Amino acid sequence: MKAIRRFSVRPVLPEPLRPLSELARNLRWSWHPETRELFQTLDPEGWRAAGGDPLRLLGSVSAARLATLAEDRRFRRRLAAAADDLHDYLTGRRWYQERPPGLPAAIAYFSPEFGITAALPQYSGGLGILAGDHLKSASDLGVPLIGVGLLYRHGYFRQSLSREGWQQEHYPLLDPNELPLSMLREADGSPSRVALALPGGRRLLAHIWRAQVGRVPLLLLDSDVEENDSGERDVTDRLYGGGSEHRLLQEMLLGIGGVRAVRSYCRLTGHPAPEVFHTNEGHAGFLGLERIRELVERGVEFDAALESVRAGAVFTTHTPVPAGIDRFDRELVARHFGPDAELPGLDTERVLALGTESYPGGDPALFNMAVMGLRLAQRANGVSTLHGQVSREMFRGLWPGFDAEDVPITSITNGVHAPTWVAPEVFRLGSRHIGVSKAEEALTVGGSERWDSVAEIPDADIWELRRTLREQLVEEVRERLRAAWRERGAGTAELGWIDGALDPDVLTIGFARRVPSYKRLTLMLRDRERLTRLLLDPERPVQIVVAGKAHPADDSGKRLVQELVRFADDPRVRHRIVFLPDYGMGMAQKLYPGCDIWLNNPLRPLEACGTSGMKAALNGCLNLSVLDGWWDEWYEPDFGWAIPTADGSGTDEERRDDLEAAALYELLTNQVAPRFYDRGPDGLPGRWIEMVRSTLATLGPKVLAGRMVREYVERLYGPAAEAQRALTPEAAWELAEWKARVTAAWPGVAVDHVEAVSDGPLNGTAELGATLSLRVSVRLGELDASDVEVQVVTGRVDTADRLTATTAFPLKPTGAPALDGRRLYEGPLTLDRTGPFGYTVRILPTHRLLAHGAELGLVAVPAEVSGEAAGVLMR
């Protein structure tokens, strides 16, 4: 029988235990061990059954047990201490409050998914986990962030396997009343709602739920509202589900509805209004349109509103391939933005132009969300140094005439929230050596001086820690294996072998992530016999734990999962290689610490960052990875291994995978396994332990989300807030008019002549330290000298006379324009580096309110540059 109605019955806590409710509803418990230990004390078995979720636990503890605890003075003291600690955390001054004045009063951070804790399953993979870690670290640092996302009633799917190893998806229904959420309500107690207009006079309504992530509120919009039609109620049904229009409605609700939710939240709570809006990937890009609408309704012209919105916007791109970007049919977007739909005050053609792929190779029939995100943000970034380079190349069509290195997309390398991902045993070992408060600072604020003390930890302590973590992983794997095999239909009599699955003394490799083809889940299977020999080596065996989900619509990814599962099912090797279904945060928090090696073998350069290896590194796990994402940036032989790549254009895919798999086998056979099993007289693998120590001391402070968030504050949020304040309505209008005037007049701007005068004979060579006097004649047409900057650009010269590793500096105008309108610019050029050296000149627009000289996508360079003019051979 099925219930016709469902309720969530909340426990009534005795008065002395009332603080438990606040502790359970603030998600800080998910990264605060003392709070979790307090809840575990209530009912250890119930805590395990509740999956470590305090709210579920409180709903199951008996009234008798609560009454007993209410009389327990020792427990009440612990509860009071935990409540006081949370109060201090929420109200005390932290890193952000100690910064110089001028930082934004608040920042709104939009993302389609947030991975905070397994108790709030609103994530699918790396993007969501990164967003969750961003919020947690902002909370630890005191950054006044407001998170904005959607509440998916089915979350992302749960994964199981059929008997044949085929991935199966399940979508459990989530009741918001059973989650650590509270509904945002108006002063009269009614639910606060946002509304979007849809074609045909329909409306899309959404409730606003709030999760409290430490100091940071996370607003989640939920379309399951009774007044909505069934189609509209299902807009937030599941993460990354549905067809094109369904996805468009989700992204309209996230962006447009998200801004309206933020406005309601600030109105109702008194929270400062955001000065900066951060769009985490293009899914939330429509938020810029809503902010333009707000200004237009106040009488600001569209172009001036656009400039104002851009000034306070930050856009982060996470994809290294165009296929990873959401693109919608232009006509579909036009139907949803018009007189009888959403944003009727904005001209539809102006809206469509923001997402048009108006560059060579683009499809003008499509609306590109990342392109709109870049056009609506004055500051943009990739998520690793290499990804920044890839992004500049991928989007350079938006800045025609500029080399990729001049495209205004910077990079801030991702980080991970250490208190979430560091095993309690690792934290306790660090605390014993440097104290609890210093260990906490090391994990949140960072700083290499706080990590250097790892050098003082004895080898025996490190090795004992590593074995303890490996042993815990083995127990976890066996438990999950039994559950997975039972779900596949196996009986108890078939599962005796699981008691011997994995060995706590064997070198353990972890591989867990989403399963798109570029991550190459099955690269390890290219030579199955060789892999089998590695697994079963009598002297130096290895064991591998694999997990990952393929997208429900990706049958090729599901086939990769099945291929791996079938290999792992082989009785010859199933005690040495396992596949664990339903990869999520709960599994990951056991998996990262328990592995000795974290394997990552994507197709380079398709891994934007790849933070799983960072989480492993914080627990003393060594990385074995292709030089992609963050590993390309920070790899050193002292703390890991780089898998050689065969990514040249002349290598076909099959040959490339064969070569890289062979390189992986070679590393495991000849370097990784020997180092792990090479024991000294004391029975310890000294060289391996030294690599663990180097991983912690060198990578530890780099891979922190605290470092990442500090960079966002200092490099992007702070400057964006200053730019936003400078863009008063008058200044925004002035900037918009200036851009229009400069763009219209730019065809009349040209470099006419470049002359270099040396203090000695040049003849294609010069001495280091020599100086050239440059004289550049330019035509500015209808523009004034104050509208432009004439620059000399210097750098190394390759064989095709292209400049690399460039530096630019301005030349100065001399005198008034000539009768024919030409102007002369001059300046010295010191030849300050040896080798092939060259220069060119260019003219860029300049204005005090521009963030970057390439912002308008306008540049003028000499019509022809001869090889002699471009390069000077230094000696």
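Biologist: Which residue does the side chain of Arg 842 meet in a salt bridge?

Modeller: Keep in mind that this is a predicted model. Arg 842 lies in strand S28 and its partner in the loop between helix H15 and strand S14, so the pair ties together parts that are 436 residues apart in sequence. Both residues are buried. The N to O distance is 3.0 Å, and the partner of Arg 842 is Asp 406.

Biologist: OK, what about Glu 690 and Arg 693: in which helix do they lie?

Modeller: Their side chains meet in a salt bridge too, at 3.0 Å from N to O. The two are three residues apart, about one turn of the helix, and that helix is H27.

Biologist: Is Arg 693 buried or exposed?

Modeller: Buried means under 20% relative accessible area. Its partner Glu 690 has 41%, so Glu 690 is partly exposed. Arg 693 has a relative accessibility of 8%, so Arg 693 counts as buried.

Biologist: How many residues apart in sequence are the parts that Arg 779 and Asp 752 tie together?

Modeller: The side chains of Arg 779 and Asp 752 meet in a salt bridge of 3.2 Å, N to O. Arg 779 lies in strand S23 and Asp 752 in strand S21, so the parts they tie together are apart in sequence by 27 residues.

Biologist: Let's move to strand S1. Which residue in S9 is the bridge partner of Ala 108?

Modeller: S1 covers residues 107-110, and Ala 108 is buried on one side of it along with Phe 110. S1 and S9 run parallel, joined by four bridges. In S9, the partner of Ala 108 is Phe 277.

Biologist: And which helix joins S1 and S2 in a right-handed β-α-β unit?

Modeller: S1 and S2 run parallel, with four bridges between them. One of the paired residues is Ile 107 in S1, whose partner in S2 is Leu 145. The helix that completes the right-handed unit, spanning residues 126-141, is H7.

Biologist: Ser 139 lies in that helix. Which side chain does it join in a polar contact of 2.6 Å?

Modeller: Ser 139 has a relative accessible area of 0%, so it is buried. Leaving aside neighbours within four places in sequence, its contacts include Trp 31, Arg 94 and Val 213. The polar contact of 2.6 Å joins the side chain of Ser 139 to that of Tyr 89.

Biologist: Last one: how many salt bridges does the structure hold?

Modeller: Some link up in a network, with Arg 260, Glu 290, Arg 293, Glu 297 and Glu 342 taking part. For the structure, the number of salt bridges is 61.

How values were computed: Residues are numbered from 1 along each chain as its sequence is written. This is a predicted model: local features need pLDDT of at least 70, side-chain atom pairs count only at pLDDT 80 or more; totals for chains, interfaces and linings use all residues. Side-chain values use heavy atoms; hydrogens and water are left out. Buried means under 20% relative accessible area, exposed over 50%, partly exposed in between (1.4 Å probe, protein chains only). Two strands pair if DSSP finds at least two bridges between them. A crossover is right-handed if, with the strands pointing away from the viewer, the path from the first strand over the helix to the second runs clockwise. A polar contact is a pair of N or O atoms within 3.5 Å; within protein, one must be able to donate a hydrogen and the other to accept it, and residues adjacent in sequence count only if both atoms are side-chain atoms. Contact means heavy atoms within 4.5 Å. A salt bridge is a side-chain nitrogen of Lys or Arg within 4 Å of a carboxyl oxygen of Asp or Glu.
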